[in-house]
Amino acid sequence: MQISAGLVSAAGTSVRSRPGGRQQCSRVRCVAEPAVRPQNGLNGYEQLSPSTVNLDSAVLQAPFQRFSPQPWATANKPIEEASTPPSSWYKSPDTWEYEKESVFSKNWLYVGHTGSLKKPGDFFTGKMADNTYVVCMGEDGELRAFHNVCRHHAAPVANGTGCTQRFECPYHGWEYDLEGRFRGATQLKGIKAFYAKDQALWPIRLETWGHFIFLLFDNSPNAPKLRESLQKGGIAMEAAEMEASDLVHVHQDQYHLNCNWKVYNDNYLDGCYHCSFAHPGLSMAIDVDAYHNVMYEKVSFQVSPLTPPEARPSNGEWDDIIASRVEGDGRGPQYAFVYPNVMVNRYAMWMDTLQVIPQGPNKCQVNIDYWIHKSKLGDEEWTRGVIAGEDQVQREDVSLCDLVQEGLQSNAYDVGRYAPEPESAMWHFHQLVHKDFFGHFGQHVPQYPIDDRIHNVAE
Ligand code: FES
Ligand SMILES: [Fe+2]
């Protein structure tokens with residue numbers, strides 16, 4: 001128990017039932033008289049919904065364009081003639097500073113999934129580039145996101161994950177409700193021109209797509225909605241049933257990488273060029289030679305037919321881990337990348353997402369969430385096999401990415417060349433980064449064979 005002038009609090013959480021069967025968590029809290037008595041409105045303070053807060057406030061305007069990344073000399077060349085962007089994009093602190101604002105403050109970012117917010121008060125926190133955030137479900141069942149920064153002296157108001165009725169800042173106890181509204185503080189006696197309406201947590205734009213929660217740290221009125229940003233790529237993801245309601249979230253793993261976030265993306269987007277060499281297990285399940293890429297504005301697809309049954313090994317290497325990838329209706333895996341920070345791997349009976357969290361010029365974290373078809377719920381052995389198989393692939397990729405970062409740090413390397421067919425999605429990704437850095441997009445988006453399932457809905 002902590003005692004301070006005017007406030008006595010005892011922390012603890014419990015869960016109670018709400019009418020209609022919904023559960024709600026409650027925070028046990030004893031409150032003595034605040035040092036400053038609210039004057040009017042809710043709790044006496046004049047309240048203002050965060051949605052009405054002036055988002056153009058200079059408070060949210062980050063200093064911008066302090067640095068310029070090194071130019072990409074062959075950005076306007078077709079992939080067959082292009083070299084990759086300079087290695088400084090992958091290691092320079094200046095580039096990292098620049099992309100925090102030009103990439104991670106201007107695009108919809110995947111931050112988590114709806115399955116982790118089931119009842120009012122549920123929340124999770126995170127950090128994307130410089131911005132810490134808290135995402136929660138309000139009393140009304142709506143999902144909202146706020147900058148996880150106390151309006152007093154900038155401490156985080158929430159930590160980790162949990163369930164609460166209010167966010168109480170651990171530093172000096174300022175309180176905010178689930179809609180971000182300021183709800184009270186102690187020891188403000190004598191303060192002047194202090195209005196609760198000006199003290200709400202800063203809101204962040206939030207939209208969902210299927211299971212996925214995206215945030216946009218761009219408050220400008222002409223910033224696109226999520227679906228406008230996904231465009232035909234979103235339609236293709238729906239065709240691949242990546243938002244299917246019969247998928248249930250079952251697990252998350254986290255990986256810590258000593259590489260720039262773009263190194264991990266590049267690895268994912270090389271059209272399985274590396275699979276035969278780096279992922280012998282995965283290569284048994286999918287027909288690497290038939291792999292092909294489809295690009296949309298901010299989404300790219302990698303599509304792979306399954307290895308024909310007659311070509312599958314029968315020497316004991318073919319095990320349950322591999323079998324889970326080919327089980328189902330014969331549909332081949334489809335891999336979607338949503339610029340800039342999430343990949344969705346869809347197999348017939350399961351799906352996983354890779355959330356890429358940049359943490360500096362040469363560090364990033366990848367969170368992998370697993371969903372399985374509800375018909376597989378309870379099949380622990382099968383689920384373990386799925387997770388073990390993907391973990392194997394991730395470990396192989398993590399060690400490759402760390403090694404690539406070491407190579408990028410070397411004075412001996414600056415740019416490389418593309419393998420034009422398999423690495424077209426990687427090149428497309430570089431074009432998107434280039435567009436965010438310098439404001440224009442390459443003119444040479446190549447056309448590749450388009451999978452029928454995608455073609456039918458995307459055209
Ligand atoms: S920083 Fe949050 S109450 Fe002081
Ligand atoms: Fe890989």
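Two strands pair here if DSSP finds at least two bridges between them. With that in hand, a hairpin joins strand 16 to strand 17 through three residues. The model is predicted. Its protein chain holds nine helices and 21 strands. Of the 459 residues in the chain, 41% are buried. Among contacts with a separation of 6 or more, 64% link residues 24 or more positions apart.

**The seven-strand sheet**

- Seven strands form an open sheet with antiparallel pairing. Their order is 15-21-20-19-18-17-16.
- Strand 15 (247–257) and strand 16 (292–295) are the edge strands, and each pairs on one side only.
- Neighbouring strands of this sheet are turned against each other by 15 degrees on average, direction ignored.
- Strand 20 (residues 350–358) and strand 21 (residues 364–373) run antiparallel and are joined by nine bridges. Within this pair, methionine 351 stands opposite tryptophan 371 in strand 21.
- Helix 2 (residues 226–239) packs on the sheet. Helix 2 touches strand 17 (299–303), strand 18 (334–338) and strand 19 (342–346). The direction of helix 2 makes about 35 degrees with that of strand 17.
- The hairpin partners, strand 16 and strand 17, pair in the antiparallel sense over four bridges. Here valine 294 stands opposite phenylalanine 301 in strand 17.
- In a regular strand, side chains alternate between the two faces of the sheet.

**Helix 3 and tyrosine 264**

- Helix 3 (residues 261–268) lies across strand 15, strand 18, strand 19, strand 20 and strand 21. Helix 3 runs at about 150 degrees to strand 20.
- Why is helix 3 largely enclosed by the rest of the structure? Eight of its eight residues are buried, so the rest of the structure largely encloses helix 3.
- The buried residues of helix 3 include Trp261, Lys262, Asn265, Asp266 and Asn267. Val263, Tyr264 and Tyr268 are also among them.
- Tyrosine 264 touches Leu257, Cys259, Val356, Cys364, Val366 and Cys401, leaving out residues up to four places away in sequence.

**Nonpolar cores**

- The largest nonpolar core has 94 residues. Phe214, Tyr264 and Ala336 have the most contacts inside this core.
- Helix 8 gives the most to this core, with seven residues.
- The core draws at least three residues from each of two domains. These are domain 1 (2–52 + 109–209) and domain 2 (87–106 + 235–458).
- A second, separate core has eight residues. Cys272, Leu282, Ala285 and Ile286 are among them.

**Helix 8**

- Helix 8 (residues 424–438) has 15 residues. From its first C-alpha to its last, helix 8 reaches 20 Å, close to the 21 Å expected at 1.5 Å a residue.
- Helix 8 is mostly covered, with 13 of its 15 residues buried.
- Glycine 439 comes just after helix 8 and takes a positive phi of about 85 degrees.

**Tryptophan 72**

- Where does tryptophan 72 lie? Tryptophan 72 sits in the loop between strand 4 (23–27) and helix 1 (93–102).
- Is tryptophan 72 buried or exposed? Tryptophan 72 is buried, because 22 other C-beta atoms lie within 10 Å, and the cut-off for a buried residue is 20 or more.
- Neighbours within four places in sequence aside, tryptophan 72 is in contact with Pro85, Pro86 and His434.
- Tryptophan 72 and valine 415 are 343 residues apart in sequence. In space, the C-alpha atoms of tryptophan 72 and valine 415 are 9.5 Å apart.

**The three-strand sheet**

- Three strands form an open sheet in the order 10-11-12, with antiparallel pairing.
- Strand 10 (166–168) and strand 12 (182–184) are the edge strands, and each pairs on one side only.
- The twist of this sheet averages 35 degrees from one strand to the next.
- Strand 11 (residues 175–177) and strand 12 run antiparallel, joined by two bridges. Across this pairing, tyrosine 176 stands opposite phenylalanine 182 in strand 12.

Technical notes
Residues numbered from 1 in each chain as written. Chains lettered and ligands numbered in written order. Predicted model: local features only at pLDDT ≥ 70, side-chain atom pairs only at ≥ 80, totals over all residues. Buried ≥ 20, exposed ≤ 12 C-beta atoms within 10 Å, placed from the backbone. Contact = placed C-beta atoms within 7 Å. Expected span 1.5 Å × (residues − 1). Axes fitted to C-alpha atoms, helices over the stretch in contact; angles between N-to-C directions. Core = buried A, V, L, I, M, F, W, Y, C linked by C-beta atoms within 7 Å. Domains from an automatic or database assignment.
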